[in-house]
Amino acid sequence: MFKKGIHYLIILLFISELCYLSYVIFIVLRPEMGGITLSDNAAIVDMDLLTKRRLYAIEFWVAFSGFAIYLAITELKQIFNRE
């Protein structure tokens, strides 16, 4: 029971971090010219904003990769323990 609670707590922390980072990238650091993606406006966006968005995007992908690896390891462990 305790292990399952810790497992779900880790999943909840990963999901909350991914939601927070998505909020920062797409809402807080929105470009002044509108829209949530930079697309063609990437050439005219302030370099400081572009750098911040990219750093948060890197942090998002690191967290997402960790979450995917964690789920893969825990789910594969359960599958192999059943056989």
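**Exercise 1.** In this predicted model, decide whether Trp61 and Phe60 are buried or exposed.

*Solution.* Begin with Trp61, whose relative accessibility is 53%. Exposed means over 50%, so Trp61 counts as exposed. Turn next to Phe60, which has a relative accessibility of 18%. Buried means under 20%, and therefore Phe60 counts as buried.

**Exercise 2.** Classify the aromatic pair that Phe14 forms with Tyr70, and then the pair of Phe60 and Trp61.

*Solution.* A pair of aromatic rings is described by the distance of the centres and the angle of the planes. The model has five aromatic pairs by the rule that centres lie within 6.5 Å. For Phe14 and Tyr70 the distance is 6.3 Å centre to centre and the angle between the planes is 35°, and this pair is tilted. It links distant parts of the chain, since Phe14 sits in helix α1 and Tyr70 in helix α2, 56 residues apart. Both Phe14 and Tyr70 are buried. For Phe60 and Trp61 the centres are 5.6 Å apart and the planes stand at 90°, so this pair is edge-to-face. Finally, Phe14 and Tyr70 belong with Phe67 to one aromatic cluster.

**Exercise 3.** Work out whether the end-to-end distance of helix α1 agrees with the expected span.

*Solution.* Helix α1 covers residues 2-28 and has 27 residues. The expected span is 1.5 Å times one less than the number of residues, which means that α1 should span 39 Å. The end C-alpha atoms of α1 are 37 Å apart, and this agrees with the expectation.

**Exercise 4.** Describe the surroundings of Ile11, and say which core Ile11 belongs to.

*Solution.* Ile11 lies in helix α1 and is buried, because its relative accessible area is 16%. Leaving aside neighbours within four places in sequence, Ile11 is in contact with Phe67, Tyr70 and Leu71. Although Ile11 and Tyr70 are 59 residues apart along the chain, their C-alpha atoms are separated by 8.7 Å. With the same neighbours left aside, Phe67 in turn is in contact with Ile11, Phe14, Ile15 and Leu18.

Ile11 is one of the nine residues of the largest nonpolar core, which also includes Phe14, Phe60, Phe67 and Tyr70. Helices α1 and α2 each supply at least two residues of this core, and the largest share, five residues, comes from α1. Apart from this core lies another, of six residues, among them Val24, Leu29, Leu38 and Leu50.

Key: Residues numbered from 1 in each chain as written. Predicted model: local features only at pLDDT ≥ 70, side-chain atom pairs only at ≥ 80, totals over all residues. Heavy atoms only, no water. Helix = DSSP H or I, 4+ residues; strand = E, 2+ residues; numbered from the N terminus. Buried < 20%, exposed > 50% of the residue type's maximum accessible area, 1.4 Å probe, protein only. Contact = heavy atoms within 4.5 Å. Core = buried A, V, L, I, M, F, W, Y, C linked by side-chain atoms within 4.5 Å. Phe/Tyr/Trp six-rings, centres within 6.5 Å; stacked < 30°, edge-to-face > 60°.
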